[in-house]
Amino acid sequence: MARRLLARLGQAAVVLWVVLSAVFLLIHAAPGDPFSFDAPNISPAIRAQWRAAFGYDRPLGEQYVRYLSSALHGDLGYSHSMHEPVRDALAAALPRTLLLMGVALALSFALGVWLALVEVRYAGTWRARLTHRVALFFYSLPDFWLALVMLMAFAYWLPLFPAGGIVDPVLHDYMSPGRALLDLLRHLVLPALTLTLLSAAAILRYQRSELLEVLPMDFVRTARAKGLDEHTVLRRHVLRNALLPVITLLGLAFPALLGGALFVEKVFAWPGMGYLAASAIDARDYPLVLASVVVGSCMVIIGNLAADVLYRLADPRLRRQ
Amino acid sequence: MPATSLAAIRHELTRPRRAAAPLGTAAGTRAALAALIVLGVIAIVGPYLWHYRPTAQLDIVALKSTAPSWNHPLGTDRFSRDVLARVLFGTRISLAIAILAVLVSATVGTTYGVVAGYAGGWIDAVLMRLIDALLSVPRVLLLIAVLALWNPVPLWGLILLIGLTGWFGVARQVRAQALAVRDRDFATAARALGAPPWLVAWRHVLPNVLSPVIIATTLAVGDVIVLEAGLSFLGIGAREPMPSLGTMFQDAVAQSVTAWWAVFSPGIVIVVIVMAFNTLGDALRDALDPRQLPGHAMHEHPEPVDA
């Protein structure tokens, strides 16, 4: 197990290196640099001075080594739109995205697995068909569109929840800790619910096909033959075996969830990674855009690693190896 | 409860097994096919069906953001353009982007997968590690970075970028299939007859790995429609005044409370397109993927069913 984990960590490091190098190449293959913006009153001499000050006049190889070493030291550059180091901007945004994604991940797994069980248990009835259609509908929705519909429905027409942001911009600082937490949760409801509905549909589809693959196996027939009721068969024998592959989905769902979070954050003005990346695009803040890609990739790599480890811990057949 | 369990056993024995419906018999699949045919017709002749031009600003004072009416069944947007004309044209743009991008992905992914699976050995190992790395980059973030850096990207560049970031999953599936096929008897026989590797790969491996590609490609069209709409929504996809469904959305989102029709219409069309492609993809999976059929679970028959 330890050796396997070490090998996976090594693999993750290689992947991270590939990502960092690709991002570096992207910056340098793109036309222009941070100082070639259009401003007629800045002379070429001043631009050259800036380039020298920030190391843009160095050979590409040297810049690459400097970039790698500073990235490894946690220095991802300076964000000119946020007026702070990229690291600080990310440190503020990342926990908010993780909160949103964590809540959505937990809820959507619970919802997706439960609905898959409903669909398989009541196969061939209106209940299964309805679940299937509704899930397909949500699976087909563009993330930002559902976010907008939720926003209009529950913040404008039926103003139950705040329209955006993470806390009340004025009153939050004056609230007691309990009220402050409630305020945060109230702001979390709509974005988390949107993201949950979107990814639950994907998890349901995956879990359903896993359940259908376990269902024709002999031990299921045995369980039925010895007189267990269908509910127990499903819960004890089918679900337990069909749940394992879904753990890997935990890692695989990460990129999709991250992409979804991006749009959901943009619509709900949730100040996380997606919102940061979107405003960085608007401001042409290259270091921040690229750092978001690197951090996003790190999250995916960690997600994959976690899924792999969890999978091995959850499956007794693999644990013994 | 001996009686009930006997009944249960009898029920179990006589119960109809889940059988794959042939393509086109399920009502949902038929509806999806019908929707796709209608959408295809709209994409080809749609812009000629309606007399307003999608980019014409009809009357910026009198017709700015007007509600649906007899003259403008889906209303007008904030530049007084006819929403129906834009939806008809946007369907063409979005579908064209998605289908072309998905064809790029399918071609690259299949080639890569067949090469890796057929070559095997260290080539396969290296190619697959590379896929692992590529799969860990969140596609949306990567596209955003590239599109923002090279802003503005022409339409063919957008298509190519979306296509070139979407083939990793296909390559992996094809590779697994090719690995299974290359040691089958017919491939060995072809080699024994002296066929060069490329010919064996082309004639004997490729046709046997195509069904996962067809399934994945059909499902990917829906994903790409949503992706393109999302990128356009962020302002880095298709460009104004070209009415892709996502561009229309971005354009109208600020007025979503007062002029909801301009947001609603492109959204509904996206949902219909994506649902149709997903339904069709699921139906194709049921029809083509032997793994999903009862009695063909992997542990029982490790050999893939002959195509």
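**Figure 1. Arg205(A) and Asp282(B) pair up across the interface in a salt bridge.** In this predicted model, the two side chains come to 2.9 Å, N to O. How many salt bridges turn up across the interface of chain A and chain B? The rule finds just one. Polar contacts between the two chains come to three residue pairs, counting pairs with both residues at pLDDT 80 or more.

**Figure 2. A set of chain A helices makes up the side that touches chain B.** Eight elements of chain A each put in at least two residues: α1 (2-29), α5 (126-139), α6 (143-157), α7 (177-214), α8 (218-225), α9 (230-268), α10 (273-282) and α11 (286-314). Which of them gives the most? That would be α11(A), with 10 residues. Sorted by class, this side of chain A has 34 nonpolar residues, along with eight polar and seven charged ones.

**Figure 3. Chain A and chain B bury about 4500 Å² between them.** Carbon and sulfur atoms account for 75% of that area. Phe144(A), Trp145(A) and Ile281(A) are the trio to look for here: together they supply 14% of what chain A buries against chain B, more than any other three residues. As for who takes part in the contact, chain A brings 49 residues and chain B brings 49 residues.

**Figure 4. The largest cavity holds about 60 Å³ of space.** Searching the whole structure turns up three cavities of 30 Å³ or more. Around the largest one sit Thr97(A), Leu258(A), Ala261(A), Leu262(A), Glu265(A), Met273(A), Gly274(A), Ala277(A), Ser292(A), Gly296(A) and Met299(A), plus Leu141(B) from the other chain. Helices α9, α10 and α11 of chain A are the elements that give two or more residues to this lining. Which element gives the most? α9(A) does, with four residues. By class, the lining splits into seven nonpolar, four polar and one charged.

**Figure 5. The second largest pocket has a volume of about 940 Å³.** Its lining takes in 31 residues, and those closest to the centre are Phe54(A), Tyr56(A), Gly77(A), Tyr78(A) and Pro287(A). Two or more residues apiece come from α1, α3 (60-72) and α11 of chain A. How do the lining residues divide by class? There are 20 nonpolar, seven polar and four charged. Note that α11(A) also appears in Figure 2, where it gives the most to the side of chain A that touches chain B.

**Figure 6. Chain A comes to 12 helices and two strands.** Reading from the N terminus, the order is α-α-α-β-β-α-α-α-α-α-α-α-α-α, with the two strands following the third helix. Taken along the principal axes, the C-alpha atoms of the chain fill a box of roughly 85 × 55 × 40 Å.

Notes. Residues numbered from 1 in each chain as written. Chains lettered and ligands numbered in written order. Predicted model: local features only at pLDDT ≥ 70, side-chain atom pairs only at ≥ 80, totals over all residues. Heavy atoms only, no water. Contact = heavy atoms within 4.5 Å. Buried area = accessible area lost by both parts, 1.4 Å probe. Salt bridge = Lys/Arg side-chain N within 4 Å of Asp/Glu carboxyl O. Polar contact = N/O pair within 3.5 Å; in protein donor to acceptor, adjacent residues only side chain to side chain. Nonpolar A, V, L, I, M, F, W, Y, C, P; charged D, E, K, R; others polar. 1 Å grid on protein atoms, 1.4 Å probe; cavity = no way out; pocket = protein on both sides within 12 Å on 5 of 7 lines; lining within 4 Å. Points joined across faces, edges and corners; volume = space filled by probe spheres on them.
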